[in-house]
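Student: Please take one part of this model and look at it closely. I would like to know which pieces meet there and where empty space is left.

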Amino acid sequence: MPADTDGGPLALQDRHAWVFDLDNTLYPAECDLFAEIDQRMTDFVARFLRLPRDEARATQKRYYAEHGTTLNGLMSMHGMEPDDFLAHVHEIDLSPLPRTPDLADAIRALPGQKFVYTNGSRGHAKRVTDYMGLGDVFDGQFAIEDSQFIPKPNQASYDAFLQAFDVDPKRSVFFEDLSRNLTPAKTMGFATVLVQSDKDWSHEPASARPAGIGDDLPLHIDYVTRDLTAFVRSIMQ
């Protein structure tokens, strides 16, 4: 397991851009919000491809592992238009989400600009951050529509993000729950923070599964935290 950069989170004080993934990062995975999205994806795949639900589920997960998102797999393999998919899978009940005034205050205290960068839709990013009380915290939100539907961890997605906001990765920090999405970020110069949870991810493809507590982690991970609010606070203490 990689050690923290010398100086711990305090070593990040000179960074001037802070990039946060959305799902299972800004909100805790344990609230299980993404499970509803996951099931609605299966429903959509079953209907769109006219498959039994078990076959649709297997296809959904294979496309997620191989294409970065199920959406990208359906677009690449079947020429699907994205709008109906995005509208369907993100039509969810947000009540499991926590209100997070402490996280909002911690992010506001960081120097420089703050961004959300998600493989989800613009509407989903706005709904979630507004519900959690984070809607006015960020200087910009970058969603799947903004990368022409190319998802993390495809390098073209990161390039589009940098161009959109003129971010210098060597002076920036990237927060994510998926180790594979931090690989390009680290190569580009971001400091990387993996946000972990106790949630059981065994139902996800091994190559695209969030790292569990106690897993050996690759060297492209600079920091690991199970408490995003506490970690962000510690940077400025």
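Tutor: Helices (H or I, at least four residues) and strands (E, at least two) are DSSP runs, numbered from the N terminus. The model is predicted, so local features need pLDDT of at least 70 and side-chain atom pairs pLDDT 80 or more, while totals for chains, interfaces and linings use all residues. Residues are numbered from 1 along each chain as its sequence is written, and side-chain values use heavy atoms, without hydrogens and water.

Two loops come before the main part. Pro153 sits in the loop between β3 (140-142) and α7 (155-165). The peptide bond that leads into Pro153 from Lys152 is cis, with omega near 10°. Asp32 belongs to the loop between β1 (17-20) and α1. Its phi is near 65°, which is positive although Asp32 is not a glycine.

Now take α1 itself, residues 33-49. What angle does α1 make with α4? The helices α1 and α4 (residues 82-89) pack at about 140°, with their axes 8 Å apart; axes are lines fitted to C-alpha atoms, for helices over the stretch in contact, and angles run from 0 to 180 degrees between N-to-C directions. This angle makes α1 oblique to α4, since angles under 35 degrees count as roughly parallel, over 145 as roughly antiparallel, 65 to 115 as roughly perpendicular and the rest as oblique. On the α1 side the contact (heavy atoms within 4.5 Å) uses Ile37, Arg40, Met41, Asp43, Phe44 and Arg47. On the α4 side it uses Asp84, Phe85, His88 and Val89. Sorted by class, these residues are five nonpolar, one polar and four charged; Ala, Val, Leu, Ile, Met, Phe, Trp, Tyr, Cys and Pro count as nonpolar, Asp, Glu, Lys and Arg as charged, and the others, Gly among them, as polar.

Helix α1 also packs on α3, at an angle of about 10° and with the axes 11 Å apart. The two are therefore roughly parallel. From α1 the contact takes Met41, Phe44, Val45, Phe48 and Leu49, and from α3 it takes Thr70, Leu74 and His78. Six of these residues are nonpolar, two are polar and none is charged. Met41 and Phe44 take part in the contact with α4 and also in the contact with α3.

Next comes the empty space. The structure holds one cavity of 30 Å³ or more. On a 1 Å grid over the protein atoms alone, a cavity is a set of points where a 1.4 Å probe fits but cannot get out, and a pocket is an open set with protein on both sides within 12 Å along at least five of seven lines; lining residues have an atom within 4 Å of a point. Points are joined across faces, edges and corners, and a volume is the space filled by probe spheres set on them. The largest cavity has about 460 Å³ of space. It is lined by 29 residues, with Phe34, Met41, Tyr64, Thr69 and Asn119 closest to its centre. Two or more lining residues come from each of α1, α2 (53-67), α3 (70-78) and α4. Helix α1 gives the most, four residues. The whole lining divides into 11 nonpolar, 10 polar and eight charged residues.

For contrast, consider the largest pocket, with about 300 Å³ of space. Among its 24 lining residues, Thr25, Tyr27, Pro28, Arg226 and Leu228 lie nearest the centre. Two elements, α5 (101-108) and α9 (228-235), give it two or more residues. Its lining has 12 nonpolar, six polar and six charged residues. The axes of α5 and α9 come within 9 Å and cross at roughly 30°, which makes the pair roughly parallel. Asp102, Leu103, Ala106 and Ile107 of α5 meet Leu228, Thr229, Val232 and Arg233 of α9. That contact has five nonpolar, one polar and two charged residues.
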